[in-house]
Amino acid sequence: MKLLRWLMAAAAILLFVQGGNACIEELDLQKMISKTDIAVHGTITDVRTVKYTPENDDRLIFTILTIEGTSLYDDSPLIVDAAFLGGTFEGESMMVTSMPAPSEYRLGNDVVVFSGEVQGWGPDVDRCVYAAMGGIFRTIDSRKGKVVLGKGKGFAVEDNQLVSSLVNNIANVSKEVK
């Protein structure tokens, strides 16, 4: 019995030590812009999943979103396919704690998405929703215009703000980064 308690205590200590090594990064707007090459405001027009099994590794399931809209960097029309790890493919599910909530990526949602290029995610994926749940933001209509819903401190969009204000903030931060 004492051996079992000792083993449980050792396992708990190991878990806490490993938990301290988690790689979660706060991404304010400046950091997000420096790590991505696309920011799009638009409508999710397609949601699909793909399965990829790297050689000598476990299977991976990716959810790919197609967003049709406008670049927040230069106001040009833009269609982006961006993926995140997790989802359900042909009845097989892969749940990842950092994946966005399903309500954030429903077909027809109006969103802001920050995206960057990725490699090694298989033949169907070359762009990601950067930082998974931290790179997609819902928008809503208001009397003053479209509002991006912020997610709090440590996210690229901390507070609710008009899309037009976000565009201005991105332009200002972009000047500082360069």
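This passage describes the overall architecture, the salt bridges and a charged surface patch of a predicted protein model.

The protein comprises three helices and 10 strands, and from the N terminus on these elements follow the order α-α-β-β-β-β-β-β-β-β-β-β-α. Of the 178 residues in the protein, 35% are buried. When contacts between residues at least 6 apart in sequence are considered, 55% of them join residues at least 24 apart. The accessible surface of the protein amounts to about 10900 Å², and carbon and sulfur atoms account for 54% of this surface.

Side chains of opposite charge can pair when their charged atoms come close. Eight salt bridges are present in the structure, and among them are two that share R48, since D46, R48 and D81 are linked in a network of salt bridges. In one of these pairs, D46 forms a salt bridge with R48, with the closest N and O atoms 3.2 Å apart; in another, the side chains of R48 and D81 meet at an N to O distance of 3.4 Å. R48 belongs to strand β1 (residues 38–52) and D81 to strand β3 (residues 77–85), so the pair ties together parts that are 33 residues apart in sequence. The members of the network are partly exposed, with a relative accessible area of 29% for D46, 30% for R48 and 32% for D81.

Strand β1 also contributes K51 to a salt bridge with E92 of strand β5 (residues 92–94). The side chains of E92 and K51 meet at an N to O distance of 3.1 Å, and the pair links distant parts of the chain, the two residues being 41 residues apart. Both residues count as partly exposed, E92 having a relative accessible area of 28% and K51 a relative accessibility of 37%.

Turning to the charged surface, E26, D28, E158 and D159 form a negative surface patch. Within this patch, D159 is found in the loop between β9 (145–148) and β10 (161–162). With a relative accessible area of 54%, D159 is exposed, because the cut-off for this class is over 50%; the value also meets the requirement of over 30% relative accessible area that applies to members of a patch.

Note on methods. Residues numbered from 1 in each chain as written. Predicted model: local features only at pLDDT ≥ 70, side-chain atom pairs only at ≥ 80, totals over all residues. Heavy atoms only, no water. Patch = residues over 30% accessible without salt bridge, like charges linked within 9 Å, V, L, I, M, F, W, Y side chains within 5 Å. Areas by Shrake-Rupley, 256 points an atom, 1.4 Å probe, with all protein chains shown as cover. Salt bridge = Lys/Arg side-chain N within 4 Å of Asp/Glu carboxyl O. Lys, Arg positive; Asp, Glu negative; His and termini not counted. Charge placed at Lys NZ, Arg CZ, Asp CG, Glu CD. Helix = DSSP H or I, 4+ residues; strand = E, 2+ residues; numbered from the N terminus. Buried < 20%, exposed > 50% of the residue type's maximum accessible area, 1.4 Å probe, protein only. Contact = heavy atoms within 4.5 Å.
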